[in-house]
Amino acid sequence: HIAVLGADDRFWALHAGDESGPHPALSGRKAALNRSLAQELDAQVGDAIILRLGKPQDVSTDTLLGRRDETTTRVRLTVSAILDDRGLGAFTLDPQPVTPKNVYLPLAGLQRVLDQPGKCNTLLVASGDDDAALPADLEAHLDLPDLGLSLRVEPDRGYLALESDALLIAPAFEAAAQQAFGPDRIDPVITYLANAITFGDREIPYSTV
């Protein structure tokens, strides 16, 4: 029940000079804890902590095709600051009555540990109005890889293939593709699980077809 936040200067600027206290200058393998987490760990500034993180998986480990080896990684960190449980020290994307237990790492360092350079899983956007739609300038910068998608060109066979990093293409992306290309020009492909594929005396168990 610990929230791991990869933060950079843009994050700390959200509440410049807020009541959580001075914002830490995080770099390398330094981390900041909020006071709730520090008290639970009995941690002080200068202490070493071991943080175990789940590795991002394109395919859920709950499925037969999900990888179950090396699903976590560990990193040794030094506590460089402890933030009060106010302001950014109580930051959470899941509002609840209890104070969250947060550990803050430099964003680039967290990306390196998880082998996800240049990636993030959350964007905080200020639209400037009450409209729930994404600002136009943000939409202009979104590309297929940002959505976990890729477009593969097969000129010899005369088709384009829209593919997902995950096991399945999300229904919203499928609907968008049909709208963009027209339903009469799309051939959906269904992939299902076979118990085995056999050729002669060779067999591949749990194959996709």
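Does Arg 86 count as buried, exposed or partly exposed, and at what relative accessibility? Arg 86 counts as partly exposed, at 40% relative accessibility, where buried means under 20% relative accessible area, exposed over 50%, and partly exposed in between, with a 1.4 Å probe and protein chains only. This is a predicted model, in which local features need pLDDT of at least 70 and side-chain atom pairs count only at pLDDT 80 or more, while totals for chains, interfaces and linings use all residues. Residues are numbered from 1 along each chain as its sequence is written, and side-chain values use heavy atoms, with hydrogens and water left out.

**Overall make-up**

- The secondary structure of the protein comes to 5 helices and 9 strands, where helices (H or I, at least four residues) and strands (E, at least two) are DSSP runs numbered from the N terminus.
- Read from the N terminus on, the elements follow the order β-α-β-α-β-β-β-α-α-β-β-α-β-β.
- The protein has 209 residues, of which 23% count as buried.
- About 15200 Å² of the protein is exposed, and carbon and sulfur atoms supply 51% of that area, with accessible areas taken from the Shrake-Rupley method with a 1.4 Å probe and, for residues, only the protein chains shown counting as cover.
- Among contacts (heavy atoms within 4.5 Å) between residues at least 6 apart in sequence, 60% join residues at least 24 apart.

**Nonpolar cores**

- In soluble globular proteins, nonpolar side chains tend to be buried together.
- A nonpolar core is here a set of buried Ala, Val, Leu, Ile, Met, Phe, Trp, Tyr and Cys residues joined through side-chain atoms within 4.5 Å, and the largest one has 15 residues, with Leu 33, Leu 51, Leu 77, Val 103 and Leu 105 having the most contacts inside it.
- The elements that give two or more residues to this largest core are strand E2, helix H2 (35-41), strand E3 (48-54), strand E4 (72-83) and strand E5 (102-106).
- A second, separate core of 11 residues includes Ala 7, Phe 11, Ala 32 and Leu 83.
- Leaving aside residues up to four places away in sequence, Leu 51 touches Val 4, Thr 73, Arg 74, Val 75, Leu 77, Val 103 and Leu 105.

**Two residues in and around strand E2**

- Asn 34 lies in strand E2 and is buried, with a relative accessible area of 0%.
- Not counting residues up to four places away in sequence, the residues that Asn 34 touches include Ile 82, Leu 83, Asp 85, Gly 89, Thr 99 and Tyr 104.
- Ala 25, by contrast, sits in the loop between helix H1 (9-12) and strand E2 (30-34), and counts as exposed at 68% relative accessibility.
- Although Ala 25 and Ser 80 are 55 residues apart along the chain, their C-alpha atoms are separated by 8.5 Å.

**The E6-E7 hairpin**

- Strand E6 (residues 149-154) and strand E7 (residues 159-164) run antiparallel and are joined by 6 bridges, two strands being paired if DSSP finds at least two bridges between them.
- These strands, E6 and E7, form a hairpin with 4 residues between them, and Gly 158 in the turn has a positive phi of about 75°.
- Within this pairing, Val 153 stands opposite Leu 160 in E7.

**Salt bridges**

- The structure holds 6 salt bridges, each being a side-chain nitrogen of Lys or Arg within 4 Å of a carboxyl oxygen of Asp or Glu.
- Arg 152 and Glu 163 meet through their side chains in a salt bridge of 2.6 Å, N to O; because Arg 152 lies in strand E6 and Glu 163 in strand E7, the pair ties together parts that are 11 residues apart in sequence.
- Arg 152 also forms a salt bridge with Glu 154, with the closest N and O atoms 2.5 Å apart.
- Arg 152 counts as partly exposed at 31% relative accessibility, as do Glu 154 at 23% and Glu 163 at 28%.
- Asp 84, partly exposed with a relative accessible area of 21%, forms a salt bridge with Arg 86, the closest N and O atoms being 3.2 Å apart.
- Arg 35, Asp 84 and Arg 86 are joined into one network by salt bridges that share partners.
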